Amino acid sequence: MAIADTLQSHNDINIDDMLLISADSHVSEPEDLWQERLPANLRDKAPMFPKRRAGAGNTQGTLNEARPGGTDPTYRVGEMAQDGVSAEVLFPTLGLRLYAQEDAELQEACFRAYNDWLAEYCSVAPDRLFGVSSISMYNIDNAIAEMTRSRNAGMVGAMIWQVPHPDLPFTSDHYERFWAAAQDLDMPIELHILTGFDYSMNLTGDRGGPLEAHRGSVNLKTVGIMNTLMDLIFTGVLERYPTLTFNVVESEIGWIPFILQQWDYYVQRFGSTNADSPRPLPISMLPSEYFDRQMSGTFFNDPVGGKLLESWGQDNCMWSTDYPHPNSPWPRSREFLAKNLGHLPVDTLNKLVRDNAARFYKIKIPTPVSV
């Protein structure tokens, strides 16, 4: 059965007619980006990465085998057309590893260099390529300045560490002025896997054998973002900044409604939203209500989450391709959609593959690419 027929049997639509926006794709930074662009006094500290090999860039490749479009934006637009994707929100690849950098000055300089390069990359197709800036959170004054600079350069989101330095937990007041500034700038905050002080600090060499590698890929990855969401919701960040938005990036979504339901249950059980409660919290709503109002999540390989979207997350979740990483379904994204989301009504499907991303990032829906 053809892809279009698969969807048509559920929704009486043709997938080839749908305009797609990927809410989480990636660039492949040049390996020598930081050697070339860091200030002269920091170049001897520049992060070093191995030379990439030409490769498939999809399920048969590795992170060290990238398609040329990851580095060349002109080539990328052609590969987007091959996949039928009309616009993409872009995150780093090598830069993800720099969030565990403990030298604050070096991290800030690395992120500035990356943000400048990304702005140049996106300028080749500003109606299709939308960058997310990387922000160092050690010095909040500098973080606000870089977020403001990147916003003015056209970035549509600001990515901070998902798991903070242990001396700077999200439960502290260290971030308050940053949250306020992000709300004032109307800048979404991005929480992407592999950023910060968790298992992802050691993704090379011996990670304790295959068991621990799988533990990190699933359990620890999910625990990291789960704890961060709890810290942000339960300490009242979303209560104090009611128009500040967060996006959970590449952690998939199937686990989210279960956790929200459990949080709601215990908050209600202990009366934690009441000031007179023996266990009061600085919140006036249930955790799930804050998520519904101010948080989103991206997904690309989550059949369980796809089933749950019939009853949860239709207005909060955003589909992505993860191009050009190994997990990406490129150039068969429409086949993926037919298989995993073809059971959904057409209006719901359009939200997930287009409308939610356009609304969350406040980007204009582009003209469709030719499929």
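A salt bridge is a side-chain nitrogen of Lys or Arg within 4 Å of a carboxyl oxygen of Asp or Glu. This tour of a predicted model makes use of that criterion at several stops, beginning with one that joins two helices.

**Stop 1: Glu176 and Arg240**

Select Glu176 and Arg240 and display their side chains, which meet in a salt bridge with an N to O distance of 2.7 Å. Glu176 lies in helix 6 (residues 176-185) and Arg240 in helix 8 (residues 237-240), so the pair links distant parts of the chain, 64 residues apart. Is each partner buried or exposed? Glu176 counts as buried, at 19% relative accessibility, because the cut-off for buried is under 20%. Arg240, with a relative accessible area of 39%, is partly exposed.

**Stop 2: Arg67 and Glu79**

Next, select Arg67 and Glu79. They form a salt bridge in which the closest N and O atoms are 2.5 Å apart. Arg67 sits in the loop between strand 3 (65-66) and helix 3, while Glu79 belongs to helix 3 itself; the two residues are twelve residues apart and link distant parts of the chain. Both partners are buried: Arg67 has 16% relative accessibility, and Glu79 has a relative accessible area of 1%.

**Stop 3: Arg215 and Glu212**

Move to helix 7 (residues 209-234) and select Arg215 and Glu212, which are three residues apart and therefore separated by about one helical turn. Their salt bridge has its closest N and O atoms 2.7 Å apart. Arg215 is partly exposed, with a relative accessible area of 33%, and Glu212 is also partly exposed, at 29%. For a further view, select Glu31, Lys51 and Arg52, which are joined into one network by salt bridges that share partners. A search of the whole structure finds 14 salt bridges.

**Stop 4: the sheet**

Now switch to a cartoon representation and locate the open sheet of eight strands, whose order is 1-4-5-6-7-8-9-10 and whose pairing is parallel. Which strands form the edges? They are strand 1 (20-26) and strand 10 (317-319), each of which pairs on one side only. Viewed along the sheet, the twist averages 25° from one strand to the next.

Within the sheet, select strand 6 (residues 157-160) and strand 7 (residues 189-192). These strands run parallel and are joined by three bridges. To place one residue pair, select Ile160, whose bridge partner in strand 7 is Leu191.

Then add helix 3 (residues 73-83), which packs on the sheet and touches strand 1, strand 4 (85-91) and strand 5 (129-134). The direction of helix 3 makes about 130° with that of strand 4. Glu79 from the second stop is in this helix.

**Stop 5: helices 9 and 10**

Finally, select helix 9 (residues 256-270) and helix 10 (residues 287-294). Their axes come within 7 Å and cross at roughly 135°, which makes helix 9 oblique to helix 10. Which residues make the contact? From helix 9, display Ile256, Leu260, Trp263, Asp264 and Val267; from helix 10, display Pro287, Ser288 and Phe291. Colouring this contact by class shows six nonpolar residues, one polar residue and one charged residue.

Methods:
Residues numbered from 1 in each chain as written. Predicted model: local features only at pLDDT ≥ 70, side-chain atom pairs only at ≥ 80, totals over all residues. Heavy atoms only, no water. Pairing = 2+ DSSP bridges. Helix = DSSP H or I, 4+ residues; strand = E, 2+ residues; numbered from the N terminus. Axes fitted to C-alpha atoms, helices over the stretch in contact; angles between N-to-C directions. Contact = heavy atoms within 4.5 Å. Parallel < 35°, antiparallel > 145°, perpendicular 65-115°, else oblique. Nonpolar A, V, L, I, M, F, W, Y, C, P; charged D, E, K, R; others polar. Buried < 20%, exposed > 50% of the residue type's maximum accessible area, 1.4 Å probe, protein only.
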